[in-house]
Amino acid sequence: MPDYPYGSPCWVDLLASDVDRAKAFYGELFGWQWLAGDPATGGYTMALLGGQPVAGLSRRPPDAPVPSQWTTYLRVGDLAVAARAVNAYGGRTLGRPVPIGALARTLIAVDPGGAYFGVWEPGDLLGSGVLDEPGSLTWNELLTRDYDAVQAFHLRVFGHGFTDETEPGGPRWATARTEDGNPAYGLAEIDEEWPPEIPSHWVVSFATLDLERDVARAADLGATVLQPPFDGPYGMGAVLAGPEGEVFSLMVPDLD
């Protein structure tokens, strides 16, 4: 099991209206097996890769305030303390903490730029059991329209430091680091060149060793290719939308 320091992305899950269609799509694309949830976890379903938990799946209620989407969860030690900090420093928590049986306690929140994210207080499940292997989580990126406020928010709430990596003439971007100095996620500014209808959002990236093959496979399974393969700051990647429009990325992990 990977080690997840405070504030690091440790888990991802998908909120989907059609759970069976989501299971068929991602199971075929990534080779995931599915562990059906029991009443103790509220029916929460987990994706397994090689027997290790790598993602969650839950049904989106018809009246849910958020669309079908992938959610990035940041690890904390005490959910109540984190919730107070989120609200104190310009964010907003949504609803009450949700226990997933003995696995974890979770909370959904919104940062000052309007991006949804999750907070994860681990129980028996520290986070994804596999990282950087094909079909598992490899990277997370936060794209925001309120760069300065969001950067300050994550510093105050999660202790993230930021290494500026902005290129001359380009939009601002940085690598967020946890208190131990390890890279945690990318922070990128949505500037005036982006279509105005695109909101601030997190992107979950799953690892692949053959990007073009897996992009083509995803398209054959019903995904929409939003950005074909490109050489980005965190490696070769591509951005897609799943069966219900949920955005995710495929990326060749840079393990150097």
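The following exchange asks how several descriptions of this predicted model are justified.

User: What makes strand E1 (residues 9-16) count as largely enclosed by the rest of the structure?

Analyst: Eight of the eight residues of E1 are buried, so the strand is described as largely enclosed by the rest of the structure. Buried here means under 20% relative accessible area.

User: How do you know which strands E1 pairs with, and in what sense, parallel or antiparallel?

Analyst: Two strands are called paired if there are at least two bridges between them. E1 and E5 have six bridges, in the antiparallel sense, and E1 and strand E4 (residues 52-59) have four, in the parallel sense, so both pairs satisfy the criterion. As examples of individual bridges, Pro 9 has Leu 74 as its partner in E5, while Asp 13 has Gly 56 as its partner in E4.

User: Why is the contact between Arg 21 and Glu 244 called a salt bridge?

Analyst: The rule asks for a side-chain nitrogen of Lys or Arg within 4 Å of a carboxyl oxygen of Asp or Glu. For Arg 21 and Glu 244 the N to O distance is 3.9 Å, so the pair qualifies under that cut-off. Arg 21 is in helix H1 (residues 19-30) and Glu 244 is in the loop between E15 and E16, 223 residues apart, and the pair thus links distant parts of the chain. By this rule the count comes to six salt bridges.

User: Why are Arg 21 and Glu 244 each called partly exposed?

Analyst: The class lies between the buried limit, under 20%, and the exposed limit, over 50%. Arg 21 has a relative accessibility of 40% and Glu 244 has one of 24%, so each value falls in between and each residue is classed as partly exposed.

User: What makes Asp 148 and Arg 172 a pair that ties together parts of the chain?

Analyst: Their side chains meet in a salt bridge at 2.9 Å, N to O. Asp 148 lies in helix H3 (residues 147-158) and Arg 172 in the loop between strand E10 (161-164) and strand E11 (173-177), so the bridge ties together parts that are 24 residues apart in sequence. Asp 148, with a relative accessible area of 48%, is partly exposed, and Arg 172, at 29%, is partly exposed too. Together with Glu 189, Asp 148 and Arg 172 are linked in a network of salt bridges.

User: Why is Asp 214 called buried, and how is its salt-bridge partner Arg 217 classed?

Analyst: Asp 214 has a relative accessible area of 8%, which is under the 20% limit, so the residue counts as buried. Arg 217, at 32%, counts as partly exposed. The two side chains meet in a salt bridge at 3.8 Å, N to O, and both residues lie in helix H4 (residues 211-220), three residues apart, about one turn of the helix.

User: How do you know whether Thr 138 is buried or exposed, and what does Thr 138 touch?

Analyst: Thr 138, which lies in strand E9, has a relative accessible area of 13%, and because the limit for buried is under 20%, the residue is classed as buried. Leaving aside residues up to four places away in sequence, Thr 138 touches Asp 132, Ser 205, Phe 206, Ala 207, Met 251 and Pro 253.

Definitions and conventions
Residues are numbered from 1 along each chain as its sequence is written. This is a predicted model: local features need pLDDT of at least 70, side-chain atom pairs count only at pLDDT 80 or more; totals for chains, interfaces and linings use all residues. Side-chain values use heavy atoms; hydrogens and water are left out. Buried means under 20% relative accessible area, exposed over 50%, partly exposed in between (1.4 Å probe, protein chains only). Helices (H or I, at least four residues) and strands (E, at least two) are DSSP runs, numbered from the N terminus. Contact means heavy atoms within 4.5 Å.
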